[in-house]
Amino acid sequence: MNRKVKIGVVGTGWWATYAHIPALLARPEVELAALCRRSLEKVRRAAEVYKVPSYYTDWRKMFESEALDGVVVATSHVAHYQVAKAALENKWHVLMEKPMVLKTSEANELVELAHRNELQIVMSLPWNYTSHVRRAREVILSGELGEVQLVSSLFASCAYETYRSNLDAYLGVMQAPLFRPGADENSDPEGGGGQGYCQVSHSATVAFWVTGLSAQEVSAHMHYFDVKVDVADSVNFRLDNGGVGVLASTGNLRPGDPGQHTLSVYCTRGYLILDMVAGTLMIRKHEGSVECPPPLKEEERYPRFAPADHFVGLILGIGENLSPGELGQKTVNFLDAVYKSAANGGVLLGVEQTSNAKGR
């Protein structure tokens, strides 16, 4: 391009102002053209702080008024589909927060629309951009460890208080330079709240990205504790290569606890263990060799600026999409089946398969 990349942001809450907007402003090639949020007071404040010339309370008016190259979708979960669809129809690239959407049909439609218009969908999945996750994926896809036989994922976080709408529990714990995290969507069973949509959307995606595989069928159970959304989830699943997997996740850690996020992949000729929180990776082959890259520095373990930074590069035609829309699609299809299985006592259900394998 012989001009700056023009980007608009829809949804200027905690994560957008903590991660996406600072990342965009750090790129000299970017013109942050417009912001949108339903609250006039809050969107005006964000525009003043980040010196953005235009701001709106209705994303439709923003889309009618602005000529953009890309849009960041960081709204409530239920609004992702409408905003992203409109952006893609306008021939704009899209960076989407997770979960991509809440329905299989919506995920499939967005991916197909992006392909048809030759556009990028980038999912906001910072773990995909660490050197350890990249190395783990490289080893698995190269076949060095052989065929994947078992995948085990554990993700424990401190999201429970958001499910109780008790945001005061995070005071002094979570960094919030402009706005505090909201709780409405996290505690709303109809709005994409609960551990599955809010947290498993991270851990399942890492598992699918590292292995290049998809879940074919699932059996799931959930525990709601004293709230209206799931807090603890367990999922048994079969992969599309015939391998099996188990995924467990809980949000019931205390605010300030660093949590746990591990992924173990066992193959015919060896295995690997990723610890995202500790920043470690071990690759062990059955013939005896062991690879342990240096532990990641704390600031490298969850590179929150990476998705937006790479989004700009992709618009400019630079780099590889390490968190493509097809990956978000896989996870939405997985979660759709997981919630249905859990609602029916853990019945074994098939997962709709994506028709495009680009996300491998």
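Contact, in these notes, means heavy atoms within 4.5 Å.

**Setting up.** I am working with a predicted model, in which local features need pLDDT of at least 70 and side-chain atom pairs count only at pLDDT 80 or more, while totals for chains, interfaces and linings use all residues. Residues are numbered from 1 along each chain as its sequence is written, and side-chain values use heavy atoms, with hydrogens and water left out.

**Entry 1: His 20.** I began with His 20, leaving aside its neighbours within four places in sequence, and found it in contact with Trp 15, Val 72, Leu 95, Glu 97, Ser 124 and Ala 308. The residue sits in helix 1 (residues 14-25); helices (H or I, at least four residues) and strands (E, at least two) are DSSP runs, numbered from the N terminus. His 20 counts as buried because its relative accessibility is 1%. My cut-offs: buried is under 20% relative accessible area, exposed is over 50%, and partly exposed is in between (1.4 Å probe, protein chains only). I also noted a polar contact of 2.7 Å between the side chains of His 20 and Glu 97. Such a contact is a pair of N or O atoms within 3.5 Å; within protein, one must be able to donate a hydrogen and the other to accept it, and residues adjacent in sequence count only if both atoms are side-chain atoms.

**Entry 2: Val 73 and helix 4.** Next I looked up Val 73, in strand 4 (residues 70-73). With a relative accessible area of 0%, Val 73 is buried. Not counting residues up to four places away in sequence, Val 73 touches several residues, among them His 80, Val 83 and Ala 84. Those three are also listed among the buried residues of helix 4. Seven of the 10 residues of helix 4 (residues 80-89) are buried, so the helix is largely enclosed by the rest of the structure. What do the buried residues of helix 4 pack against? I found strand 1 (5-10), helix 3 (59-65), strand 4, strand 5 (93-96), helix 5 (104-116) and strand 6 (121-123).

**Entry 3: backbone oddities.** A reminder to myself: most residues other than glycine have a negative phi, and most peptide bonds are trans. Lys 91 has a positive phi of about 70° although it is not a glycine. I placed Lys 91 in the loop between helix 4 and strand 5, and it is exposed at 52% relative accessibility. Glu 118, also not a glycine, has a positive phi of about 55°. Glu 118 is in the loop between helix 5 and strand 6 and is exposed, with a relative accessible area of 72%. I then checked the bond joining Lys 98 and Pro 99, which is cis, with omega about -10°.

**Entry 4: strand 9.** Which way do the side chains of strand 9 (residues 232-239) point? They alternate: Asp 233, Val 235, Phe 237 and Leu 239 point to one face and are buried, while Ala 232, Ser 234, Asn 236 and Arg 238 point to the other and are not. Strand 9 pairs with strand 8 (residues 215-223) in the antiparallel sense over eight bridges; for strands to pair, DSSP must find at least two bridges between them. Strand 10 (residues 244-250) also runs antiparallel to strand 9, joined by seven bridges. Asn 236 is a handy marker, being the bridge partner of Ser 219 and having Val 246 as its partner in strand 10. In the hairpin of strand 9 and strand 10, with four residues between the strands, I saw that Gly 242 takes a positive phi near 100°.
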